[in-house]
Amino acid sequence: MNRFKQFFAKDDGAVTVDWVVLTAAIVGLAVLIAASMEDGALGLADMLAAYMTNWSFS
């Protein structure tokens with residue numbers, strides 16, 4: 001029983017777990033932001049391409 005207490009008292013990997021969770025949260029937020037911006041960016045690119053199709057360079 002004493003061995004279990006010693007095992008649960010150790011916090012050697014706690015910092016690593018914190019960094020992994022923090023990094024996963026940042027990556028998840030970046031993916032959500034990129035996904036929400038995708039439609040707007042594609043719509044803007046389509047409108048710009050439609051506007052520029054009538055341009056002629058001689």
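Phe57 sits in the segment that follows helix H2 (14–52). This is a predicted model. Phe57 has a relative accessible area of 73%, so with the cut-off for exposed at over 50%, Phe57 counts as exposed.

**Aromatic cluster**

The structure contains two aromatic pairs. Tyr51 packs against Trp55 in one of them, with edge-to-face geometry. Trp55 and Phe57 form an aromatic pair too, again edge-to-face. Ring pairs thus join Tyr51, Trp55 and Phe57 into a cluster.

| Aromatic pair | Centre to centre | Angle between planes |
|---|---|---|
| Tyr51 and Trp55 | 5.6 Å | 75 degrees |
| Trp55 and Phe57 | 6.1 Å | 80 degrees |

How exposed are the other two rings of the cluster? Tyr51 is exposed, at 53% relative accessible area. Trp55 is partly exposed, at 42%.

**Nonpolar surface patch**

The three aromatic residues also belong to a nonpolar patch on the surface, together with Leu48 and Met52. The accessible area of Leu48, Tyr51, Met52, Trp55 and Phe57 together is about 610 Å².

**Ser36 in helix H2**

Ser36 is part of helix H2. Is Ser36 buried or exposed? Its relative accessibility is 55%, so Ser36 counts as exposed. Which backbone atom does the side chain of Ser36 reach? The partner is the backbone oxygen of Ile33, at 2.9 Å.

Ser36 can also be placed relative to Phe7. The two residues are 29 apart in sequence. Their C-alpha atoms are 44 Å apart in space.

Conventions: Residues are numbered from 1 along each chain as its sequence is written. This is a predicted model: local features need pLDDT of at least 70, side-chain atom pairs count only at pLDDT 80 or more; totals for chains, interfaces and linings use all residues. Side-chain values use heavy atoms; hydrogens and water are left out. Patches are made of residues with over 30% relative accessible area and no salt bridge: like charges are joined within 9 Å, nonpolar side chains (Val, Leu, Ile, Met, Phe, Trp, Tyr) within 5 Å. Accessible areas come from the Shrake-Rupley method with a 1.4 Å probe; for residues, only the protein chains shown count as cover. A salt bridge is a side-chain nitrogen of Lys or Arg within 4 Å of a carboxyl oxygen of Asp or Glu. Helices (H or I, at least four residues) and strands (E, at least two) are DSSP runs, numbered from the N terminus. Buried means under 20% relative accessible area, exposed over 50%, partly exposed in between (1.4 Å probe, protein chains only). A polar contact is a pair of N or O atoms within 3.5 Å; within protein, one must be able to donate a hydrogen and the other to accept it, and residues adjacent in sequence count only if both atoms are side-chain atoms. Rings of Phe, Tyr and Trp (its six-membered ring) pair if their centres lie within 6.5 Å; planes under 30 degrees apart count as stacked, over 60 as edge-to-face and the rest as tilted.
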